[in-house]
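Thanks for coming, everyone. I have one structure to walk you through today. Please look at it on the screen while I talk.

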Amino acid sequence: MRRSFGLALACLGLMMTPKLALSQAVTSNSVRLTWTAVGDDSLTGTAAGYDVRYSTAPITPSNWGSAAQASGEPAPAAPGNTQTFTVTGLQPSTTYYFAIKTADEVPNWSLLSNVISRTTLAAPDTTRPAPVANLTVGSPTGNSLALSWSAVGDDSLTGTAASYDVRYSTSPVTASNWASATPASGEPVPAAPGTAQSMVVAGLANQRTYYFAMKVTDDAGNVSALSNVASGTTLDTIAPAAITDVTVGWIWLNGTGGAIAARAGYNARSGRSGWARR
């Protein structure tokens, strides 16, 4: 009789055990669990509470008490209803095991549910590259200027960044007018932090002062602050235009046959071309 009673209680506990499942909502610090509600008395009535626990080791009846207890579990719904609960405060890139027990109002506790596991995602990269602090301008020509700087990192000064954005203007570049500055082309691929890098910005106007600045982007799309602003002036390499309208002027003579003046012509007295007056 006692054996039959114990077997009945065991069967009752098994019937009250919810089957835990995982939804697709997994982040770097949370996992959402899904299960179907069971009853207060086996599969009838509404239970009183849930106890959701998690651990970095597989959960068993023997180590259930040492598993971390979640907080904020939902109140049990009527049997057969789907319920969800998100466990938060987890560590990134870590495998966790989850299990649940159900209690009635006494409380009688169900047996341990099935145990499931999921690995949290890697932590998002929110660290932006450090700004370039030593941008310089040199090697001017009539239509180009050379820029040089030291590479910074992906995460501040560590790692390797993904890309550069160099811009220039004929007025000082600031954070507020950055968007209206002219983008350069041909920026090099970022190198390891501390590496000297350079590029030539061509297509500039002759004998004009330009201001340059740059930003650095990492592979997560984090953008650095604005670099220092450097300036340079292109050379004056345009010579004066050639005169193309030289002509021979008229010579006027006085009554005695002497030259009064010659304009861009022959001076009768000196024998030279150019202006002359008698």
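Before the sheets, one definition: two strands pair if DSSP finds at least two bridges between them. Also keep in mind that this is a predicted model.

With that in hand, take the first sheet. It is open and has four strands, in the order β4-β3-β6-β7. The pairing is antiparallel. Which strands sit at the edges? They are β4, residues 68-69, and β7, residues 116-119. Each of those pairs on one side only. Now look at β6, residues 95-103. Strand β6 pairs with β7 over four bridges, in the antiparallel sense. One residue to pick out there is F98, whose bridge partner in β7 is I116.

Stay between those two strands for a moment. The loop between β6 and β7 holds P107. A cis peptide bond joins V106 and P107, with omega at about 10°. As background, most peptide bonds are trans.

Next, the second sheet. This one is open too, with three strands in the order β8-β9-β12. Again the pairing is antiparallel. The edge strands are β8, residues 136-138, and β12, and each pairs on one side only. From one strand to the next, the twist averages 25°. How many bridges link β8 and β9? Three, and the two strands pair in the antiparallel sense. Within that pairing, V137 has L147 as its bridge partner in β9.

Now to β10, residues 163-169. Is this strand mostly covered or mostly open? Mostly covered: five of its seven residues are buried. Strand β10 runs antiparallel to β13, and seven bridges join them. S163 has T217 as its bridge partner in β13. Strand β10 also runs antiparallel to β11, residues 182-183, with two bridges. There, Y168 stands opposite T182.

That brings us to the nonpolar cores. The general picture first: in soluble globular proteins, nonpolar side chains tend to be buried together. In this model, the largest nonpolar core has 21 residues. Those with the most contacts inside it are L135, L147, W149, V201 and F212. Which elements give two or more residues to this core? They are β9, β10, β12 and β13. Strand β13 gives the most, with four residues.

Take F212 as an example. Beyond its neighbours within four places in sequence, F212 is in contact with a list of residues that includes L135, L147 and V201. The list also includes V137, L145, R167, Y168 and A230. There is a second, separate core as well. That one has 16 residues, among them V31, A37, V87 and F98.

Let me zoom in on two loop residues. First, S227, in the loop between β13 and β14. Buried or exposed? S227 counts as buried because its relative accessible area is 5%, and the cut-off is under 20%. The side chain of S227 reaches the backbone nitrogen of M214 at 2.9 Å. Outside its neighbours within four places in sequence, S227 is in contact with V132, L135, A213 and M214.

Second, N29, in the loop between β1 and β2. N29 has 39% relative accessibility, so it counts as partly exposed. Which residues does N29 contact, leaving aside its neighbours within four places in sequence? They are V87, T88, G89 and L90. The C-alpha atoms of N29 and T94 are separated by 9.1 Å, and these residues are 65 apart along the chain.

Two backbone oddities to check. Most residues other than glycine have a negative phi. S156 is not a glycine, yet its phi is positive, at about 60°. S156 is in the loop between β9 and β10. With a relative accessible area of 34%, S156 is partly exposed. Then there is Q207, with a positive phi near 50°. Q207 is found in the loop between β12 and β13.

Last, the whole chain. The secondary structure comes to one helix and 17 strands. Of the 278 residues, 35% are buried. Among contacts between residues at least 6 apart in sequence, 62% join residues at least 24 apart. The accessible surface comes to about 15,700 Å², and 54% of that belongs to carbon and sulfur atoms.

Terms used. Residues are numbered from 1 along each chain as its sequence is written. This is a predicted model: local features need pLDDT of at least 70, side-chain atom pairs count only at pLDDT 80 or more; totals for chains, interfaces and linings use all residues. Side-chain values use heavy atoms; hydrogens and water are left out. Buried means under 20% relative accessible area, exposed over 50%, partly exposed in between (1.4 Å probe, protein chains only). Contact means heavy atoms within 4.5 Å. A polar contact is a pair of N or O atoms within 3.5 Å; within protein, one must be able to donate a hydrogen and the other to accept it, and residues adjacent in sequence count only if both atoms are side-chain atoms. A nonpolar core is a set of buried Ala, Val, Leu, Ile, Met, Phe, Trp, Tyr and Cys residues joined through side-chain atoms within 4.5 Å. Axes are lines fitted to C-alpha atoms, for helices over the stretch in contact, and angles run from 0 to 180 degrees between N-to-C directions. Accessible areas come from the Shrake-Rupley method with a 1.4 Å probe; for residues, only the protein chains shown count as cover.
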